[in-house]
Amino acid sequence: MSKKWKFDVWTIVSIAIMGLFILCLLYPMIKIFRLAVLDSNGHFTMSNFITFFSKPYYSKTILNSLKLAILITFFSLAVGIPLSYCYSFYILKGAKMIFILSILCCMSAPFIGAYAWILLLGRSGVLTVFLERLLHIKIGSIYGLRGIVLVETLKLFPLVFIYMNGAFKNIDNSLLEASANLGCVGIKRVFKVTLRLCMPTILAASLLVFMRSFADFGTPLLLGEGFRTFPVEIYNQYLGENGTDFHFAATISVIAIIITALVFALQKWGTNKFKFSINALHPVQKKKPGLIRAIIMNAYCYIVIAFSFLPQLYVIFLSFKKCDMAVFKPGFSLDSYKAASRHLLSRSLTNSLVISGLALAIIILLSIFIAYLVVRRPSLWNNMIDTISMIPYIIPGAVIGIALVIAFSNKPLALTGTMIIMVMSFVIRRMPYTIRSATANLMQIPMSIEEASISLGTSKLKTFRKVTVPMMTNGILSGAILSWVSLVTELSSSIILYNNSTITLTMSAYVSIAMGNYGMACAFSSILTVLTFLSLLLYLKISGAEDIKM
């Protein structure tokens with residue numbers, strides 16, 4: 001039975017949030033759809049879509065992106081699930097360090113890993129030269145499809161690791177014991193029981209990795225060479241050196257949105273097929289592995305983490321090397337950091353902190369209100385708000401950037417080039433993390449606690465402020481740290497929206513690479529890595545958590 005509409009303060013909040021979403025999200029999306037089907041004279045046309053699908057030069061970019069995303073998702077699962085299984089079921093040496101380093105691997109700027117791997121495994125890379133000269137081993141090119149899959153897998157498998165940690169912790173040990181009593185043990189139990197119990201989480205992790213790899217801009221741009229993907233093509237059509245075509249860029253963006261929406265729908269269908277509830281009354285306790293198994297598990301975990309974190313370590317090392325533009329020389333100095341300080345380091349760092357800080361504050365505020373509306377005041381209207389808030393989850397960053405430029409380039413809302421549009425983009429891009437985390441957390445809090453507060457004479461608003469919000473703190477913090485690190489490393493929408501006054505650390509590092517100043521790029525990247533590391537440590541200290549729940 002539907003509840004009667006009651007006009008109160010929560011109705012005003014609900015209307016305000018919907019209005020905000022219509023202005024900042026739906027309106028730009030409508031503008032980009034409109035631009036895709038209208039020519040320069042304002043007449044309806046499908047010529048851009050016909051051009052895209054009739055010319056392999058363009059249509060192949062979507063096929064390349066799909067192929068890339070599928071391969072990266074497969075290899076990320078193949079690496080991340082065994083790592084999480086070892087971490088969750090067995091006592092490992094330095095488990096905390098494994099966790100922190102794995103998070104840092106996936107929370108670096110999108111192109112830093114690609115740039116570092118060029119320095120390591122490029123045609124004149126350190127490891128390439130070492131292997132060829134001393135061991136006479138030719139490893140092939142880091143460029144193209146193979147290189148992108150390698151770099152993206154090493155960056156995104158930690159997302160699978162994070163998701164699966166939570167899934168494995170929710171398994172009731174009595175189910176595993178029952179399967180053992182029926183003769184299902186060892187690797188057979190892992191595939192027949194453990195992974196099947198985690199299938200909804202595996203599908204959720206697969207979707208996240210697929211979306212991130214499908215929409216990635218930085219890595220294919222640096223490593224692609226002849227292998228072209230659609231995010232790079234969108235960028236080329238919008239800001240290319242050979243001329244721009246906003247209508248065609250909008251067309252590719254619309255096609256990308258449709259494809260990602262179909263993938264999202266497929267994942268939702270698959271999740272529903274495996275939907276079930278489970279209560280971990282007897283959660284799995286970590287056990288100490290035997291000597292041989294301990295050696296194998298620790299070796300696997302540390303080799304994977306070390307190989308994944310190697311690019312960031314190498315970038316930090318190079319930031320202290322003497323450098324003349326693209327050439328690193330013998331000896332160490334702080335010249336790269338001095339050069340960075342002369343090239344907008346202070347402004348980049350300030351902008352990163354201010355823009356990301358403002359965006360995070362808005363995200364947290366929106367997440368608290370949306371979670372409360374969805375969980376405590378369910379209605380068709382509030383469920384629509386929840387659904388709309390998840391739209392950015394399936395839209396590539398470059399598309400959001402272009403949509404905002406198209407929507408807010410003219411008066412009365414001429415925001416292009418301002419810090420406001422950067423904050424708007426950051427909020428839109430990264431709010432789903434915190435909203436989902438806050439909503440899941442509030443669902444676990446009994447309504448009776450708030451009812452008890454109200455029965456003692458406390459107003460509903462004061463109960464919300466003094467009781468409900470504090471109880472949501474863990475869920476908010478967990479989502480907020482993911483949003484924060486994603487904010488400070490944002491690239492795909494920033495590259496469309498930034499200018500010299502709103503440049504961030506991520507963009508400064510990217511611009512330095514484009515200028516051929518590798519030493520300065522390493523300095524910016526190292527500062528970004530340190531900022532990410534300190535943010536994670538601060539979160540772990542404040543929350544007292546041992547993990548991040550997603």
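These questions and answers go through side-chain contacts and backbone features of a predicted model.

Trainee: How many salt bridges does the structure hold?
Mentor: A pair counts when a side-chain nitrogen of Lys or Arg lies within 4 Å of a carboxyl oxygen of Asp or Glu. By that cut-off, the number of salt bridges in the structure is five.

Trainee: Which residue forms a salt bridge with Glu 233, and how far apart are the closest N and O atoms?
Mentor: The cut-off for a salt bridge is 4 Å. Glu 233 meets it with Arg 228, and the closest N and O atoms are apart by 2.6 Å.

Trainee: Is Glu 233 buried or exposed?
Mentor: Buried means under 20% relative accessible area. Its partner Arg 228, at 21%, counts as partly exposed. Glu 233 has 3% relative accessibility, so this residue is buried.

Trainee: Which residue does Lys 329 meet in a salt bridge?
Mentor: Lys 329 counts as partly exposed because its relative accessibility is 41%. The partner is also rated partly exposed, at 44%. The N to O distance of the pair is 3.9 Å, and the partner is Asp 324.

Trainee: How many residues apart are Glu 490 and Arg 429?
Mentor: Their side chains meet in a salt bridge at 3.3 Å, N to O. Glu 490 is in the loop between α22 (473-488) and α23 (494-497), whereas Arg 429 is in helix α19 (residues 419-443). The pair therefore links distant parts of the chain, and the separation is 61 residues.

Trainee: Which residues are joined into one network with Glu 490?
Mentor: Glu 490 and Arg 429 are both buried. Salt bridges that share partners join Glu 490 to two residues, Arg 429 and Arg 430.

Trainee: What kind of aromatic pair do Trp 10 and Tyr 372 form?
Mentor: A pair of aromatic rings is described by the distance of the centres and the angle of the planes. For Trp 10 and Tyr 372 the centres are 4.5 Å apart and the planes are at 25°. Planes under 30 degrees apart count as stacked, so this pair is stacked.

Trainee: Where in the chain does Tyr 372 lie?
Mentor: Trp 10, in helix α1 (residues 9-37), is 362 residues apart from Tyr 372. Both rings belong to buried residues, with 7% relative accessibility for Trp 10 and 9% for Tyr 372. Tyr 372 lies in helix α16 (residues 345-376).

Trainee: How many aromatic pairs are there, and which residues do ring pairs link into a cluster with Phe 248?
Mentor: Rings pair if their centres lie within 6.5 Å, and the count of aromatic pairs comes to 23. Ring pairs link Phe 248 into a cluster with Phe 52, Phe 53, Tyr 57 and Tyr 58.

Trainee: Over which ring does the charged end of Lys 286 sit?
Mentor: Lys 321 gives one example of such a contact: its charged end sits over the ring of Phe 332, 5.2 Å from the centre. For Lys 286 the distance to the ring centre is 4.4 Å, and the ring is that of Tyr 87.

Trainee: What is the area of the nonpolar surface patch that includes Leu 135?
Mentor: Leu 135 lies in the loop between α6 (126-134) and α7 (145-169). At 47% relative accessibility, Leu 135 counts as partly exposed. With Phe 130, Leu 134, Ile 137 and Ile 139, Leu 135 makes a patch of about 450 Å².

Trainee: Which two residues are joined by a cis peptide bond?
Mentor: Most peptide bonds are trans. Here omega is about 10° at a bond whose proline is found in the loop between α18 (397-407) and α19. The residues are Lys 411 and Pro 412.

Trainee: What is phi of Leu 344?
Mentor: Most residues other than glycine have a negative phi. Leu 344 is found in the loop between α15 (335-342) and α16, and counts as partly exposed at 25% relative accessibility. Phi of Leu 344 is positive, near 70°.

Trainee: How many disulfides are there?
Mentor: A disulfide needs two cysteine sulfur atoms within 2.5 Å. Cys 24, at 13% relative accessible area, is buried, and Cys 198 is buried at 1%. By the distance rule, the count of disulfides is zero.

How values were computed:
Residues are numbered from 1 along each chain as its sequence is written. This is a predicted model: local features need pLDDT of at least 70, side-chain atom pairs count only at pLDDT 80 or more; totals for chains, interfaces and linings use all residues. Side-chain values use heavy atoms; hydrogens and water are left out. Buried means under 20% relative accessible area, exposed over 50%, partly exposed in between (1.4 Å probe, protein chains only). Helices (H or I, at least four residues) and strands (E, at least two) are DSSP runs, numbered from the N terminus. Rings of Phe, Tyr and Trp (its six-membered ring) pair if their centres lie within 6.5 Å; planes under 30 degrees apart count as stacked, over 60 as edge-to-face and the rest as tilted. A charge sits over a ring if NZ of Lys or CZ of Arg is within 6 Å of the ring centre and within 35 degrees of the ring normal. Patches are made of residues with over 30% relative accessible area and no salt bridge: like charges are joined within 9 Å, nonpolar side chains (Val, Leu, Ile, Met, Phe, Trp, Tyr) within 5 Å. Accessible areas come from the Shrake-Rupley method with a 1.4 Å probe; for residues, only the protein chains shown count as cover.
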